[in-house]
Every structure is written in C-alpha cells, then in structure tokens.
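Here are my notes on this chain, in numbered points. Please read them with the structure open.

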Amino acid sequence: MIIEPTSARLLPDPLREPYYQPPYTLVIELTGVLLHPEWSLVTGWRFKKRPGIESLFQQLAPLYEIVIFTSETGMPAFPLIDSIDPHGFVSYRLFRDATRYMDGHHVKDMSCLGRGQ
C-alpha cells in the first residue's frame, strides 16, 4: 500500500520560453465533479459525464494548466479521463499514488503540487 506520494513534487517546473505556460493551474477532481459514478445490479458500474465538459476544457485550456487529481487508481481512471478529454486539454493526471494515506483514507495533499522557483 502506498502511504506517501511517489514524489515530493507532483508537477514539473513551469515551462520556460519559447514554450507557453498558462499563468494558472486548475486542479479538478475526477469522481463526483467531472464524472458521476452509478452502480446497479443490472449494469454494474457506469459513469455519467458532466454535460459540457469538452467545451469547458477547450475554453479553459489557454488560461489554465488543467490537472485532474483523483484518489482513484490509474488503471480504471486513465481511460475515463481519455473519454472526457479526447483532444488532450488536460496537462497532468494525478492518481492514487500521488495521495497521502491518512486514517484509512487517501488524501490529496495540495502542498505537494508546489513548483520550483
């Protein structure tokens, strides 16, 4: 079981000229915000995509570095992110290995997102 994040800093240093680095970073949770999980005996797990997600990503991408940070494992979450972001607007994907395990729960520690100066 992973107790600490796999790295002290989860995002790389900002890009330097001539590359474009959006001025802000937007961190979004996958489950419950972008996707709503539902389970039934008939269908098993299904995920409903929030309406307008692709349009939202397209509008936010020039202004924000979009990061999806979830406590889900990468194996099931990676294809879900691919399905809501077919054009590649999400800059980084952080999964359970980037969380801290505390009191029986995986906690997203935003202090680990820090960038070098």
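1. Overall make-up. The chain has two helices and seven strands. Read from the N terminus, their order is β-β-β-α-β-α-β-β-β. Keep in mind throughout that this is a predicted model.

2. Dimensions and surface. Along the principal axes, the C-alpha atoms fill a box of roughly 55 × 35 × 20 Å. The chain has 117 residues, and 31% of them are buried. The exposed area is about 7800 Å², with 58% of it supplied by carbon and sulfur atoms.

3. Contact range and charge. Take the contacts between residues at least 6 apart in sequence: 69% of them join residues at least 24 apart. The chain carries 11 positive and 13 negative charges, and the mean positions of the two sets are 3 Å apart.

4. The main core. Which residues have the most contacts inside the largest nonpolar core? They are Leu30, Leu34, Phe57, Ile66, Ile68 and Ile84, in a core of 15 residues. Helix H1 (53-60), strand E4 (64-69) and helix H2 (74-84) each give two or more residues to this core. H2 gives the most, with four. A second, separate core has eight residues, among them Leu10, Leu11, Val67 and Cys112. As background, nonpolar side chains in soluble globular proteins tend to be buried together.

5. Leucine 34. Look next at its surroundings. Beyond four places in sequence, leucine 34 touches Ile28, Glu29, Lys48, Lys49, Arg50, Ile53, Phe57, Ile68 and Ile84. Charged residues are in that list too: Lys48, Lys49 and Arg50 count as positive, Glu29 as negative.

6. Isoleucine 28. This residue is found in strand E1. Its relative accessible area is 11%, so isoleucine 28 is buried, the cut-off being under 20%. Its C-alpha atom is separated by 4.9 Å from that of isoleucine 68, 40 residues away along the chain. Not counting residues up to four places away, isoleucine 28 touches Val33, Leu34, Phe57, Ile66, Val67, Ile68 and Phe69. Val67 in this list belongs to the second core.

7. Phenylalanine 89. Where does phenylalanine 89 lie? It is in the loop between H2 and E5. With a relative accessible area of 24%, phenylalanine 89 is partly exposed. Its contacts beyond four places in sequence are Phe57, Gln58, Ala61 and Ile66. The C-alpha atoms of phenylalanine 89 and tyrosine 64 are 9.7 Å apart, with their positions 25 residues apart along the chain.

8. Aspartate 85. This one deserves a check. Aspartate 85 lies in the loop between H2 and strand E5 (90-94). What is the nearest side chain of opposite charge to aspartate 85? It is arginine 93, 4.5 Å away. A salt bridge needs nitrogen and oxygen within 4 Å, so that distance does not qualify. Aspartate 85 is thus buried yet has no salt bridge. Outside its neighbours within four places, aspartate 85 is in contact with Phe57, Val90 and Arg93.

9. Arginine 93 and its partner. Arginine 93 does form a salt bridge with aspartate 82, where the closest N and O atoms are 2.8 Å apart. The pair links helix H2, which holds aspartate 82, to strand E5, which holds arginine 93, across eleven residues. Both residues are partly exposed: aspartate 82 at 36% relative accessibility, arginine 93 at 22%.

10. The other salt bridges. How many salt bridges are there in total? The count comes to three. One joins lysine 48 and glutamate 38, at 3.6 Å from N to O. Lysine 48 is in strand E3 (residues 44-49) and glutamate 38 in strand E2 (residues 35-40), so the pair ties together parts ten residues apart in sequence. Lysine 48 is partly exposed at 49%, as is glutamate 38 at 34%. Another joins glutamate 54 and lysine 49, at 3.2 Å from N to O. Here too the residues are partly exposed, glutamate 54 at 33% and lysine 49 at 42%.

11. A cis peptide. Is the bond from glutamate 17 to proline 18 cis or trans? It is cis, with omega near 5°. Most peptide bonds are trans. Proline 18 sits in the segment before strand E1 (24-28).

Conventions
Residues numbered from 1 in each chain as written. Predicted model: local features only at pLDDT ≥ 70, side-chain atom pairs only at ≥ 80, totals over all residues. Heavy atoms only, no water. Buried < 20%, exposed > 50% of the residue type's maximum accessible area, 1.4 Å probe, protein only. Contact = heavy atoms within 4.5 Å. Areas by Shrake-Rupley, 256 points an atom, 1.4 Å probe, with all protein chains shown as cover. Charge placed at Lys NZ, Arg CZ, Asp CG, Glu CD. Core = buried A, V, L, I, M, F, W, Y, C linked by side-chain atoms within 4.5 Å.
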